[in-house]
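Q: Please take a close look at one part of this model, the nonpolar interior. Show me how its residues pack and how that fits the chain as a whole.

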Amino acid sequence: MNKVRIKSRSEIETMRRSGKAASIVLQTIGEAVSPGISTYELDQISREAIKKLGGISSFLGYQLPHHPPYPATICVSINEEIVHGIPRKDCILKEGDIIGIDTAVYLNGFHGDNAYTFPVGDIEPEAQSLLEVSKNALYKAIDAAKPGSRLGDACSALQTHVESHGFSVVRDFVGHGIGRNLHEEPQVPNYGEPGRGVRLRPGTVLAIEAMTNAGTHESETLEDGWTAVTADRRISALFEHTVAILPEGPEILTDNHDLWGSNSH
Ligand code: MF3
Ligand code: CO
């Protein structure tokens, strides 16, 4: 049974606005990333930006299975953290860190979900390379998410790009369908086989999340019940776009040239 909820043209039009809002929020937070700022302050910036756009945070109070309600509007993941780090007053960014920031906005009945990993000042060459590879892997997946192709085509494009650079893809977390709910079918893994998985029919909208580790793909969850870290404590990067599959091709609903540059189509 195919439970993917296909969106109409007018629903996609509404989702463009949710996606745009999420991308503006993410850009606004990114502009504040610098040594000395706390992740709590970044969450405050996110709250204000979401409010200013007339939206609601998709994350605040969200209940994932087997987790307590999420207490903030952003998920942060610093260095060895993979996803779902909770903002804290005593968590201060320092030069050389990388910080993944994930934020999502609910607006006009639809969600837009978007994440980017920012360098904090000067970072190590390995970190620089991980960010580049992870971001490009997301675009490889998007390029392969053509109408009529299958989910595995996009997932395997992501995986192949990452592994060809000697990094690993996260297996314990997935991207997802998105629309009136933050998480819809299908799950979007960071690995897959060409020709396998659901067919990407026009009107499918996916939150594709490229989650890339420098070392092992294995993860652990910290005692706070949320923060996922790499088992070997090597660094991890996250890039996410909300993407609509249209008859004319994939369209990035969270596109924002000021943040993503000319990489975005
Ligand atoms: N962007 C992540 C996801 O879509 C974060 C969700 S966890 C939440 O899975 F609880 F904060 F919503
Ligand atoms: Co998501």
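A: What follows goes from the whole chain to its cores and then to single residues.

This is a predicted model. The protein chain has five helices and 13 strands. Its C-alpha trace spans about 45 × 40 × 40 Å along the principal axes. The radius of gyration is 17 Å, which agrees with the value near 18 Å for a compact globule of 265 residues. Buried residues account for 56% of the 265. Long-range pairing is common by count: of the contacts between residues at least 6 apart in sequence, 70% join residues at least 24 apart.

The surface comes next. About 11,200 Å² is exposed, and carbon and sulfur atoms supply 49% of that area. The chain carries 24 positive and 35 negative side chains. The centres of these two sets lie 9 Å apart.

Now the interior. The largest nonpolar core holds 57 residues. Leu42, Ile99, Ile101 and Ile208 touch the most other members. Helix H3 (residues 125–144) gives this core its largest share, ten residues. A second, separate core has 17 residues, including Ala104, Val205, Trp226 and Ala244.

Take Ile101 from the largest core. Neighbours within four places in sequence are set aside here. Its contacts then include Leu26, Ile29, Val33 and Leu42. Ile74, Cys75 and Val76 also touch Ile101. So do Asn114, Ala115, Tyr116 and Phe118.

Leu93 gives a view from a loop. This residue sits between strand S3 (81–83) and strand S4 (98–107). Leu93 is buried, because its relative accessible area of 2% falls under the 20% cut-off. Beyond residues up to four places away in sequence, Leu93 touches Val33, Ser34, Pro35, Gly36, Ile37 and Thr39, among others. Its partners also include Leu42, Ile78, Ile99 and Val120. Leu42 and Val33 are thus contacts of Leu93 and also of Ile101. One distance sets Leu93 in the wider fold: its C-alpha atom is separated by 38 Å from that of Glu193, 100 residues away along the chain.

Thr212 offers a view from a strand. It belongs to strand S9 (residues 205–213). Thr212 counts as buried, because its relative accessibility is 0%. Leaving aside neighbours within four places in sequence, Thr212 contacts Leu130 and Ser134. Those two positions fall within the range of helix H3 (residues 125–144). Val162, Phe167, Ser168 and Val170 are also in contact with Thr212. Ile235, Ser236 and Ala237 complete its list of contacts.

Note on methods
Residues numbered from 1 in each chain as written. Chains lettered and ligands numbered in written order. Predicted model: local features only at pLDDT ≥ 70, side-chain atom pairs only at ≥ 80, totals over all residues. Heavy atoms only, no water. Helix = DSSP H or I, 4+ residues; strand = E, 2+ residues; numbered from the N terminus. Rg over C-alpha atoms; globule rule 2.2 N^0.38 Å. Buried < 20%, exposed > 50% of the residue type's maximum accessible area, 1.4 Å probe, protein only. Contact = heavy atoms within 4.5 Å. Areas by Shrake-Rupley, 256 points an atom, 1.4 Å probe, with all protein chains shown as cover. Lys, Arg positive; Asp, Glu negative; His and termini not counted. Charge placed at Lys NZ, Arg CZ, Asp CG, Glu CD. Core = buried A, V, L, I, M, F, W, Y, C linked by side-chain atoms within 4.5 Å.
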